[in-house]
Structures are given as C-alpha cells and as structure tokens.
Amino acid sequence: MTGLALYRGLTGLGAPLIVHLLRRRLNAGKEDSARFPERRGIASRPRPYGPLVWMHAASVGEAQSALSLIARMLRVRTDLHILVTTGTVTSAGILADRLPPRSFHQYVPVDYLPWVRRFLDHWDPDMAVWIESEFWPNLISETASRDIPAILVNGRISRKSVANWQFLPGFIRGIIGNFRLCLAQSDDEADRFRRLGADPVRCVGNLKFSAAALPAEEPELRRLATRVDGRPRWIAASTHPGEEALAAEADRLLRQRYPNLLTIVAPRHPARGPGIAAELGKSGLRVARRAGGDDIEPATDIYVADTLGELGLLYRLADIAFIGGTMDAYGGHNPLEAAQLDCAVLHGPDMANFTTVAQQLARADAAQVVTDAASLAAAVQALLDNPLRRETVARAAADVALANAEVVDRVMEHLQPFIDALPAEEPDARP
C-alpha cells in the first residue's frame with residue numbers, strides 16, 4: 001500500500017474523530033460559525049465565470065505576503081478571478097478588508113477526501129498556487145489528478161521538517177512531486193525541496209519582501225497620535241503566551257527611567273485580549289483594551305490592542321517594535337512589516353520562519369536580538385535615549401525591505417507562462 005493510500009485510509013476511518021475535533025474548535029471559537037460548512041467543502045458562493053486561480057495560504061502571514069502577487073495576477077489577466085483559501089478566522093477577517101475586486105476568500109476544506117472532492121468539484125480551478133509550507137496530501141494529490149497545474153510559491157521548509165520526512169521519502173516525494181514548479185525563498189530551502197523530490201525548483205527570494213506596507217485608517221491614526229503625543233512608546237507585536245508578561249516586566253524596568261512610558265501589546269490572537277488585560281492588571285498596571293472600547297489616557301500604562309488587521313496603525317504609532325513569536329519555538333513573525341513603517345526592530349532568538357530576513361537585517365545592523373525582559377528593556381531604553389540611533393536602525397531596516405521589493409517581479413516571470421495558458425471562457429461557458 002502506498003503512503004497516500006494509507007493516509008486516505010486512515011483519514012477515512014478517522015472521519016468521526018475529524019468531525020468531533022472540528023466541533024470542538026467551533027465551540028472554542030477557533031472556527032467561523034457563520035461559514036463553518038466551508039470547512040467541509042461546501043461553498044458559500046457560486047463559482048465566477050471565466051478562468052479561476054485557487055491560491056492557498058495557511059494563515060495570516062502567508063495571506064498577507066500573497067496580496068502583492070494577487071494584485072499583479074489580476075492586472076495581467078483582466079478576465080481572471082482568484083479564490084484565496086486559508087484555515088484561520090483571523091486571516092479571513094484580514095482578507096475581507098484587503099482582497100481586491102475579482103478575488104475572494106473561502107475557508108480551506110479539512111483534508112478529508114470527500115470534502116476535498118466536493119470543494120474541487122464546485123470551484124473547478126484552472127490553476128492552483130500554494131503559498132509557503134502547508135502540504136495537505138489529499139488536496140494536493142486530488143488537484144494533480146484533475147490535471148490542474150499546481151505551483152508552490154514562496155516555498156519554505158525547515159531542516160527539522162526535512163529530517164522528519166526522510167522517514168517517509170516515498171510519501172513526501174509523491175506529494176511534493178505534484179507541483180509543476182517550486183519557487184523557494186532561499187538557496188538552502190531550494191536544496192531541501194530538491195532532496196524531497198521537487199522538480200523543477202528555483203530560488204527567487206522571499207515574497208514577503210514585496211508586500212505593500214500594512215494599511216491604516218488615517219482619521220484614527222491622527223486621533224491616536226494626538227492621544228500619545230509626547231510620550232515615549234514601543235510595541236510588542238504579534239505576541240504569544242508568555243511574551244505579554246515579558247513585555248510587562250520590560251515595561252516595569254523602563255518605567256524607572258520613563259515614568260510616562262506607553263507600552264502597546266498586540267497579541268497574535270486577539271481573542272486572548274481579555275485574559276491578557278486581566279493578567280497584566282493584577283500586577284498593578286493600568287491597562288486599556290482597544291477591543292473593549294477603552295481609550296489611551298494619560299494614566300494608561302499598557303494598551304492591549306486586541307483587534308484584527310490594525311498592525312499598520314499600531315506600527316505607525318510606535319517608534320520601536322519587538323516582534324513576537326520569537327522567544328519560544330514559534331518561529332517568529334514578519335519583521336519587515338514594522339521595518340516598512342519606520343520602526344526600529346527588536347526580536348528574540350527564534351526567527352526560524354524568517355531566517356533569511358533575520359540574516360539580512362543583522363548584516364545591515366538593522367535589528368537587535370533580545371533574550372529576556374532585561375535585555376528587551378535595555379534595548380528599548382537605548383533606542384529611546386538616542387533618537388538618532390533609533391532613526392538610523394529604522395532606516396537600515398526599511399532599506400532591507402526596499403532592496404528586496406522586486407521579488408514579486410521574479411515570481412511573476414515564472415508564473416506568466418501558466419497564467420497565459422489559462423482558458424479564456426465565454427460568459428456563458430458554464431451553466
């Protein structure tokens with residue numbers, strides 16, 4: 001029995017468990033109750049007429065990195081529509097505000113073959129683009145079996161993942177080999193994909209470098225800028241459990257020198273906001289919650305920004321940004337989003353998801369690594385004490401982002417033959 005046949009057999013036998021786990025996620029608020037059927041491959045809208053590209057991006061970071069590519073693809077084919085799938089509620093909320101006309105979002109179906117087939121039967125895409133590193137065997141193999149060209153873009157895979165897949169070489173080769181082209185983020189990752197069976201593989205750079213700066217609502221930016229005017233401030237962005245306490249301890253240390261400091265905490269998962277505010281409040285800090293309607297008052301110590309899609313606003317308010325997910329095996333989040341918006345960048349030691357980016361920032365003296373609350377506080381204080389140094393570091397980070405902005409051009413060069421080959425259907429070609 002092949003690896004894929006075994007996988008399909010196990011997921012078939014495990015269907016009741018899959019349904020149970022999905023229900024648990026729904027009850028825990030991790031699934032969208034209004035669109036829950038999409039996770040079972042039941043579409044919530046009709047397929048548009050004409051050529052359709054299906055683009056899958058696992059979550060927020062991948063989806064945001066794909067926006068520049070989506071815009072370019074839609075410009076070169078005015079008859080094209082793009083279906084974007086993700087698996088998280090957070091990413092769906094952000095894409096709802098940022099996807100351009102002729103593109104739309106659906107939740108990706110769980111990788112259970114009947115649901116996958118239902119999804120593909122309805123959408124019948126003419127091309128599939130997978131962003132980064134989420135490889136669902138049924139989705140990929142079933143797409144290939146229908147002769148739908150699939151391309152991996154911004155491919156990323158860690159050494160650990162490659163080592164784990166070595167125990168199932170035939171299985172991963174059968175999955176990866178379904179991509180007609182693999183565009184990797186770095187030379188190292190290109191080599192890893194080749195070892196796993198991808199062919200052809202090209203290294204074109206990290207698509208996240210080409211993402212447009214995160215947006216912000218100008219009236220709200222002006223209002224909040226007035227509220228914080230004159231106060232030293234910094235942000236701990238996209239934080240995970242444990243990092244809010246780290247930020248609070250750094251705040252305590254910094255407050256000895258800057259008693260009117262404002263610390264902004266933006267959790268990666270906004271649903272954690274009430275719990276974070278309650279926990280920080282126990283230590284005597286005066287906490288305001290954005291999602292709770294609280295404003296930033298002169299007495300506010302920590303502003304918990306527990307809303308969706310507002311990092312563009314928050315980075316514009318803060319001069320210094322600590323990038324969350326970098327302290328404890330989360331792999332980090334995109335530091336270039338802060339760099340594009342004039343922030344000096346700090347991050348923890350774990351940047352596994354952005355190794356190349358971190359290396360480029362380090363070579364340009366455009367970011368500083370911190371390891372605990374004390375080193376975080378010291379780094380923030382050094383930048384607050386020396387505005388010229390802060391501006392120099394922020395400018396260097398912005399230059400790193402700008403120097404790599406043409407990655408989307410290189411991606412499009414490789415995708416263009418596939419896009420040109422898409423059918424040009426008449427409006428009445430589908431019932």
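Which residue stands opposite G155 in β6? Select strand β5 (residues 150-155) and strand β6 (residues 181-184), which run parallel and are joined by three bridges, and there A184 in β6 stands opposite G155. Strands (E, at least two residues) and helices (H or I, at least four) are DSSP runs numbered from the N terminus, and two strands pair if DSSP finds at least two bridges between them.

This is a predicted model, in which local features need pLDDT of at least 70, side-chain atom pairs count only at pLDDT 80 or more, and totals for chains, interfaces and linings use all residues. Residues are numbered from 1 along each chain as its sequence is written, and side-chain values use heavy atoms, with hydrogens and water left out.

Widen the selection to the open sheet of seven strands, whose order is β3-β2-β1-β4-β5-β6-β7, with parallel pairing. At its edges stand β3 (103-107) and β7 (201-203), each with a single partner strand, so one side of each is left without a neighbour in the sheet. Add helix α9 (residues 187-196), which packs on the sheet and touches β5, β6 and β7, its direction making about 170° with that of β7; angles run from 0 to 180 degrees between N-to-C directions, and axes are lines fitted to C-alpha atoms, for helices over the stretch in contact.

Next, select strand β12 (residues 320-323), where I320 and F322 on one side and A321 and I323 on the other are all buried, that is, under 20% relative accessible area with a 1.4 Å probe and protein chains only. β12 pairs in the parallel sense with strand β8 (residues 233-239) over three bridges, and A237 stands opposite I323. With strand β13 (residues 344-347), β12 also pairs in the parallel sense, over four bridges, and here F322 stands opposite L346.

Now select L69, which, leaving aside its neighbours within four places in sequence, is in contact (heavy atoms within 4.5 Å) with residues including M55, V153, L207 and V408.

Finally, go to helix α16 (residues 373-385) and helix α17 (residues 387-403), which pack at an angle of about 110° with their axes 5 Å apart. The two helices are therefore roughly perpendicular to each other, a term that covers angles of 65 to 115 degrees. At their meeting place, select L383, L384 and D385 in α16 together with P387, R389 and R390 in α17.

How values were computed
Parallel < 35°, antiparallel > 145°, perpendicular 65-115°, else oblique. Buried < 20%, exposed > 50% of the residue type's maximum accessible area, 1.4 Å probe, protein only.
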